[in-house]
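Biologist: Could you walk me through this one slowly? I would like to learn where the words come from as we go.

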Amino acid sequence: MLDGLNWLLDPAHWTGSRGIPTRLLEHLAITGMTLLIAGVIALAAGLAIGHTRRGRGLVVGLSGALRAMPTLGLLVFIAVQFGFGVRLAIIPTLIVLVVLAIPPILAGAYAGIESVDPATVDASRALGLTEWQILWRVEFPLALPLIVGGLRSAMLQVVATATVAAYISLGGLGRFLFDALPLRDYPQMLAGALLVAALALILDLLFLLVGKAVLPAGVRAARGNRRSKTPTERTAA
């Protein structure tokens with residue numbers, strides 16, 4: 001552990017094209033692109049499923065199947081089978097990571113929409129709102145905390161799994177692991193693992209804060225009132 005920390009504190013490892021800042025930016029870029037692509041696909045499907053209540057069983061089964069896929073095996077298969085090579089290594093990497101990120105985002109989206117009180121939706125229809133307006137003005141804001149929770153879960157999985165991109169010569173923090181493994185440079189490997197863990201914890205905290213920030217004021221006030229009541233008052237309510 002001390003050798004790994006000493007490796008991290010060495011100024012030589014914080015400069016150049018192979019330094020920690022460069023690898024960190026590469027890792028963030030891969031993670032960001034993955035969440036963007038997966039978010040567009042999964043949110044569109046999840047919002048539609050949650051609003052219409054159709055196709056949920058099929059999506060749950062498909063999500064479970066996607067979660068069970070071996071990430072590294074799928075990555076190598078796509079890279080070799082379609083001949084992307086080193087220059088286009090980003091393509092199989094994004095495909096694999098998007099497949100990994102879709103299930104939690106999809107689950108958060110449709111679960112969030114389904115959790116909205118049906119009475120609230122019915123009241124919105126009674127006011128003359130269209131289905132599109134109900135989705136975006138009523139259901140989506142109320143479901144946003146759960147949607148952010150799905151993105152948070154996907155982010156943690158992608159940050160950890162994006163290290164396998166280095167297996168097919170892509171950048172990111174995984175380079176510290178795969179470059180050091182043949183040389184048995186265990187301090188570098190430990191340092192890479194610590195960097196990935198630290199990045200995941202920092203991003204997790206940011207998503208946690210965002211999830212609290214997007215909580216609608218009315219819901220926040222209702223929760224506060226509920227917490228302020230005594231157990232007897234809660235039972236009576």
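Biologist: How many helices and how many strands does the secondary structure of the protein chain come to?

Modeller: This is a predicted model, and its protein chain comes to 11 helices and zero strands. Read from the N terminus on, the elements run α-α-α-α-α-α-α-α-α-α-α.

Biologist: How much of the protein chain counts as buried?

Modeller: Of its 237 residues, 39% count as buried. The accessible surface comes to about 13200 Å², and carbon and sulfur atoms hold 68% of that.

Biologist: Let's take a single residue. Why is His27 called buried?

Modeller: Buried means under 20% relative accessible area. His27 has a relative accessible area of 1%, so it is buried. You will find His27 in helix α2, which spans residues 20-52.

Biologist: Which residues is His27 in contact with, leaving aside its neighbours within four places in sequence?

Modeller: They are Val159, Ala162, Thr163, Gly172, Leu173, Gly174 and Leu199.

Biologist: Thr163 is in that list. What makes Thr163 count as buried?

Modeller: The cut-off is under 20%, and Thr163 has 10% relative accessibility, so it counts as buried. Thr163 sits in the loop between α7 and α8. Its contacts, again without neighbours within four places in sequence, are His27, Gly174, Leu177, Phe178 and Val196.

Biologist: Now for the inside of the protein. How many residues does the largest nonpolar core have?

Modeller: It has 39 residues, and Ile105 and Val159 have the most contacts inside it. The elements that give two or more residues to this core are α1 (2-9), α2, α4 (71-81), α5 (90-114), α7 (131-161) and α9. Its largest share, eight residues, comes from α5.

Biologist: What does Ile105 touch, not counting residues up to four places away in sequence?

Modeller: Ile105 touches Ala38, Gly39, Ala42, Leu43, Gly150, Leu151 and Ala154. Apart from the largest core lies another one of six residues, among them Leu47, Ile113, Leu135 and Ile147.

Biologist: Is there a general background to such cores?

Modeller: Yes: in soluble globular proteins, nonpolar side chains tend to be buried together.

Biologist: And on the surface, which residues form a nonpolar patch?

Modeller: Ile202, Leu205, Leu206, Leu208 and Leu209 form it, with about 440 Å² of accessible area together.

Biologist: Why is Leu206 called partly exposed?

Modeller: Partly exposed is the range between the buried limit of 20% and the exposed limit of 50%. Leu206 has a relative accessible area of 45%, so it belongs in that range. Leu206 lies in helix α9, residues 186-213.

Biologist: Let's compare the loops. How do you know whether Arg184 is buried or exposed?

Modeller: Exposed means over 50%. Arg184 has 63% relative accessibility, so it counts as exposed. Arg184 lies in the loop between α8 (174-180) and α9, and it has a positive phi of about 55° although it is not a glycine.

Biologist: What about Arg53: why does it count as partly exposed?

Modeller: Its relative accessibility is 42%, which puts Arg53 in the partly exposed class, between 20% and 50%. Arg53 lies in the loop between α2 and α3 (56-67), and its phi is near 60°, a positive value in a residue other than glycine.

Biologist: Where does a glycine take a positive phi?

Modeller: Gly128 does this just after α6, with a phi of about 95°. At the start of α6 (residues 118-126), a side-chain oxygen of Asp117 reaches to within 3.1 Å of the backbone nitrogen of Ala119.

Biologist: One last residue. What makes Val214 partly exposed?

Modeller: Val214 has 24% relative accessibility, so it counts as partly exposed; buried would need under 20%. Val214 is found in the loop between α9 and α10 (217-228).

Biologist: What separation is there between the C-alpha atoms of Val214 and Leu144?

Modeller: They are separated by 6.6 Å, while the two residues are 70 residues apart along the chain. Leaving aside neighbours within four places in sequence, Val214 is in contact with Pro141, Leu144, Pro145 and Val148.

Methods
Residues numbered from 1 in each chain as written. Predicted model: local features only at pLDDT ≥ 70, side-chain atom pairs only at ≥ 80, totals over all residues. Heavy atoms only, no water. Patch = residues over 30% accessible without salt bridge, like charges linked within 9 Å, V, L, I, M, F, W, Y side chains within 5 Å. Areas by Shrake-Rupley, 256 points an atom, 1.4 Å probe, with all protein chains shown as cover. Salt bridge = Lys/Arg side-chain N within 4 Å of Asp/Glu carboxyl O. Helix = DSSP H or I, 4+ residues; strand = E, 2+ residues; numbered from the N terminus. Buried < 20%, exposed > 50% of the residue type's maximum accessible area, 1.4 Å probe, protein only. Polar contact = N/O pair within 3.5 Å; in protein donor to acceptor, adjacent residues only side chain to side chain. Contact = heavy atoms within 4.5 Å. Core = buried A, V, L, I, M, F, W, Y, C linked by side-chain atoms within 4.5 Å.
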